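Open the model in your viewer and keep the selection panel at hand. We will go from stop to stop, and at each one there is something to pick and something to look at.

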Amino acid sequence: MFASINYNHDKRFVELPVAVAIFLVIVIAILSKHGSQPAALLLFLLVLPGCFHATLRYLGGLKLWLFMLIFPLIASLPLLVASGTGEATAAPARYVVAAICLIGLSRFRLCSSLIFRAASVGAILPLLFYLDQFSQPRADWGVGKLQSGYLAVVLLSLSLSQIFIDRHKSAWRILGIIGSLCAITLVVKTGTRGAWPAIIVVCYLHFSMIPLSAARKTACLIFGVSILVLSALFVPPVNDRIEHTAQEIKSYYNDDNHASSIGARLDLWQIAIESFAESPLWGVSYGRHNEKIKDFIERNPDIKRLKLDGKGDGRGSAHNEILDALSKRGLLGLIAILLLYFVPLRFFLFHLKNKDCDELRYVSMGAIGVIATMIICGFTEAPLMNVRVATTYGFLMVFLYHLVIRLTNPTQSHDRSPKQHENSH
């Protein structure tokens with residue numbers, strides 16, 4: 001069926017089956033105990049036939065996006081060689097698969113409503129399948145506390161966009177509202193503090209899209225700030241984690257107590273800076289990074305633990321996206337991270353300015369919210385080099401890219417390159 005699709009005809013009948021397939025991929029990614037990896041494989045097999053029909057003209061329009069998705073693997077090759085383990089390329093390889101899907105999905109028309117509705121459903125399902133987690137101080141929704149928190153903010157951004165996209169369909173809009181509330185609940189219950197600022201930023205970005213008068217927006221803003229203050233004061237998970245954070249920071253600087261989550265992060269940041277200074281172009285190997293950790297502990301005998309070093313072999317994250325990239329992949333890794341941030345951000349910001357198509361603006365805003373989430377969460381973790389988050393982020397950028405291309409020219413053939421689409425505006 002896939003090979004029979006011709007660029008010269010508007011084959012809208014492929015929109016529903018492909019959209020349903022993508023919906024199933026997202027559901028599988030959420031429910032599978034292996035995270036998004038089986039779903040990524042399924043999507044890869046789905047779109048692979050389309051790659052064999054891509055034209056060189058089309059690839060030319062995608063050259064910057066393809067470079068963005070392939071470069072993380074290139075930047076990881078020195079670490080692969082120096083460390084002698086394929087783990088260095090685990091997450092970057094997912095971006096290469098996403099690059100193939102970027103080409104393959106050009107054969108199909110995607111339905112934005114169904115994809116965003118799937119995100120809202122995806123925020124609801126973990127609460128239904130992991131109800132027992134509510135009895136725990138911190139909840140793990142199946143993929144680890146940190147990853148659960150970051151991915152929940154991603155679902156929040158998409159669910160908020162769904163409210164706008166389905167604004168004339170009450171039942172679906174209610175789904176978006178419920179999905180957004182569930183996503184916030186997921187983040188709060190994980191206790192992932194690095195994701196909480198992302199919630200505020202994502203909500204503010206979407207709030208700025210609401211067509212209200214200045215007075216009403218001010219009133220809503222005051223209401224939102226009040227909710228945040230009340231949550232910090234009276235919601236136990238939020239209140240406890242804020243107090244815990246204040247105590248850890250005070251203990252680290254006043255009592256030289258490194259035996260805490262924040263203390264370990266601050267120590268790992270210093271180690272990452274030292275590793276980058278030793279090898280600024282492509283970073284140090286896992287083994288050398290582990291030696292740097294041991295040397296740091298010897299120089300600081302008061303350290304009781306460095307608990308966030310993962311397996312204790314130097315592969316653990318520096319708990320900061322930029323510093324982790326600099327320490328293990330050097331300036332090459334930094335370029336890879338910046339490409340993953342700013343290539344899609346520039347693209348979606350360009351289309352956010354479109355005043356003729358509300359759906360296009362809401363899709364672009366959902367994508368910008370996802371990117372903002374990765375940037376903010378990158379201050380306390382390295383999500384883009386985590387296999388599950390890398391898979392989710394890479395594939396979402398690919399989905400949303402093609403949604404924007406479809407919305408810019410809904411009646412045009414996909415034979416036009418993305419650059420031509422962009423220039424038409």
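Is Gly142 buried, partly exposed or exposed? Select Gly142 with the surface switched on: its relative accessible area is 30%, which lies between the 20% and 50% cut-offs, so Gly142 counts as partly exposed. Bear in mind as you look that this is a predicted model. Gly142 sits in the loop that joins helix H6 (112-129) to helix H7 (145-165). Now add Tyr130 to the selection: 12 residues separate Tyr130 from Gly142 in sequence, and their C-alpha atoms are 8.1 Å apart.

**The whole chain**

Zoom out and colour by secondary structure. The chain has 17 helices and zero strands. Of its 425 residues, 54% are buried. If you draw the contacts between residues at least 6 apart in sequence, 75% of them join residues at least 24 apart.

**Helix H5**

Next, select residues 90-104, which form helix H5. With 15 residues at 1.5 Å a residue, H5 should span 21 Å, and the 22 Å between its end C-alpha atoms agrees with that. Show the side chains and look for the buried residues of H5, among them Tyr95, Cys101, Leu102 and Ile103. Pro92 is also buried, as are Ala98 and Ala99.

**Where H12 meets H14**

Select helix H12 (residues 261-278) together with helix H14 (residues 321-352). Their axes come within 8 Å and cross at roughly 20°. An angle under 35 degrees counts as roughly parallel, and H12 and H14 therefore fall in that class. The crossing of H12 past H14 is left-handed. To see what touches, show Trp269, Ala272, Ile273, Ser275 and Phe276 on the H12 side, and Leu323, Leu326, Ser327, Gly330 and Leu331 on the H14 side. Sorted by class, this contact has seven nonpolar residues, three polar ones and no charged ones.

Stay on Ser275, which lies in H12. How accessible is Ser275? Its relative accessibility is 0%, so Ser275 counts as buried. Beyond its neighbours within four places in sequence, Ser275 is in contact with Val284, His289, Lys292 and Ser327. Try a distance label from Ser275 to Gly330 as well: the two are 55 residues apart in sequence, yet 8.9 Å apart from C-alpha to C-alpha.

**The loop before H14**

Move to His319, in the loop between helix H13 (286-299) and H14. Check the backbone here: phi of His319 is near 60°, a positive value in a residue other than glycine. His319 has a relative accessibility of 5%, so it counts as buried.

**Where H14 meets H15**

For the last stop, keep H14 and add helix H15 (residues 358-377). How do these two helices pack? Their axes are 9 Å apart, at an angle of about 155°. That angle makes H14 roughly antiparallel to H15. The crossing of H14 and H15 is left-handed. On H14, the contact residues include Tyr341, Leu345, Phe348 and Leu352, while on H15 they include Arg361, Met365, Ile368 and Ile371. By class, the contact of H14 with H15 has 13 nonpolar residues, two polar and one charged.

Note on methods
Residues are numbered from 1 along each chain as its sequence is written. This is a predicted model: local features need pLDDT of at least 70, side-chain atom pairs count only at pLDDT 80 or more; totals for chains, interfaces and linings use all residues. Side-chain values use heavy atoms; hydrogens and water are left out. Axes are lines fitted to C-alpha atoms, for helices over the stretch in contact, and angles run from 0 to 180 degrees between N-to-C directions. Helices (H or I, at least four residues) and strands (E, at least two) are DSSP runs, numbered from the N terminus. Angles under 35 degrees count as roughly parallel, over 145 as roughly antiparallel, 65 to 115 as roughly perpendicular and the rest as oblique. A crossing is left-handed if the near helix is turned anticlockwise from the far one by less than a right angle, and right-handed if clockwise. Contact means heavy atoms within 4.5 Å. Ala, Val, Leu, Ile, Met, Phe, Trp, Tyr, Cys and Pro count as nonpolar, Asp, Glu, Lys and Arg as charged, and the others, Gly among them, as polar. Buried means under 20% relative accessible area, exposed over 50%, partly exposed in between (1.4 Å probe, protein chains only). The expected span of a helix is 1.5 Å times one less than its number of residues.
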